[in-house]
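Reader: I'd like a close look at one part of this protein. Keep it brisk, and give me the surroundings where they help.

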Amino acid sequence: MQIPKRYSDLTKEELIQEINDLTNQARKAEQMDMINELEVILRKKTMAQSYLLDPSEFIPGEQYELIEEPGVVFAITYMNGIFAWGYKSTSEEEIGIPISLLKKPGKM
């Protein structure tokens, strides 16, 4: 049995293929009303999408909007790989968020 590669070891093309595969899996899980499976697949897709982004473009001290929570701002305190650590405008708890879930305010 072949051990699957880590997302960090995949090429850009392999990541894109993985994201496409996960999108298809998510569609099937949704059609079959497998909510728990769907959530796992969507989290995997989020992680894979994060590896397509450049973590150096996410700057500690700056604020970003959360894609999954429109109107909620996330202030980055530090970066660790593809995770931005910081605080939501709605909470005082420090959390880590994959960078694919962040966007600059005002950008689509």
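What percentage of the 108 residues in the protein is buried? Then take me through the open sheet: what is the order of its five strands?

Author: Start with the burial figure. This is a predicted model, and 27% of its 108 residues are buried. The C-alpha trace spans about 45 × 30 × 25 Å along its principal axes.

Now the layout. The protein has two helices and five strands. From the N terminus the elements run α-α-β-β-β-β-β, so the helices come before the strands in the chain.

Next, the sheet itself. It is open, and its strand order is β4-β3-β2-β1-β5. The pairing is antiparallel. The edge strands are β4 (94-98) and β5 (102-103). Each of these pairs on one side only.

Begin with β1, residues 63-66. Four bridges join β1 to β2, and the two strands run antiparallel. They form a hairpin, with two residues between them. Within this pairing, E65 stands opposite V73 of β2.

E65 also takes part in another pairing. Its bridge partner in β5 is K103. β1 and β5 pair over two bridges, again in the antiparallel sense. E65 therefore has a partner in β2 and a partner in β5. That fits the strand order, where β1 sits between β2 and β5.

Move on to β2, residues 69-80. Six bridges join β2 to β3, which covers residues 83-88. These strands run antiparallel too. Here F74 of β2 has K88 of β3 as its bridge partner. The neighbouring residue V73 faces E65 of β1. As a general point, side chains in a regular strand alternate between the two faces of the sheet.

Now the helices. α1 covers residues 12-31 and α2 covers residues 35-50. Their axes come within 9 Å and cross at roughly 165°. The two helices are therefore roughly antiparallel to each other. α1 passes α2 in a left-handed crossing. On the α1 side, the contact is made by L15, I19, L22, T23, Q25, A26, A29 and E30. On the α2 side, it is made by E37, L38, I41, L42, K44, K45, A48 and Q49. By type, the residues of this contact divide into nine nonpolar, three polar and four charged.

One last figure covers the whole protein. Take the contacts between residues at least 6 apart in sequence: 39% of them join residues at least 24 apart.

Key: Residues numbered from 1 in each chain as written. Predicted model: local features only at pLDDT ≥ 70, side-chain atom pairs only at ≥ 80, totals over all residues. Heavy atoms only, no water. Axes fitted to C-alpha atoms, helices over the stretch in contact; angles between N-to-C directions. Parallel < 35°, antiparallel > 145°, perpendicular 65-115°, else oblique. Left-handed = near helix turned anticlockwise from the far one by under 90°. Contact = heavy atoms within 4.5 Å. Nonpolar A, V, L, I, M, F, W, Y, C, P; charged D, E, K, R; others polar. Pairing = 2+ DSSP bridges. Buried < 20%, exposed > 50% of the residue type's maximum accessible area, 1.4 Å probe, protein only.
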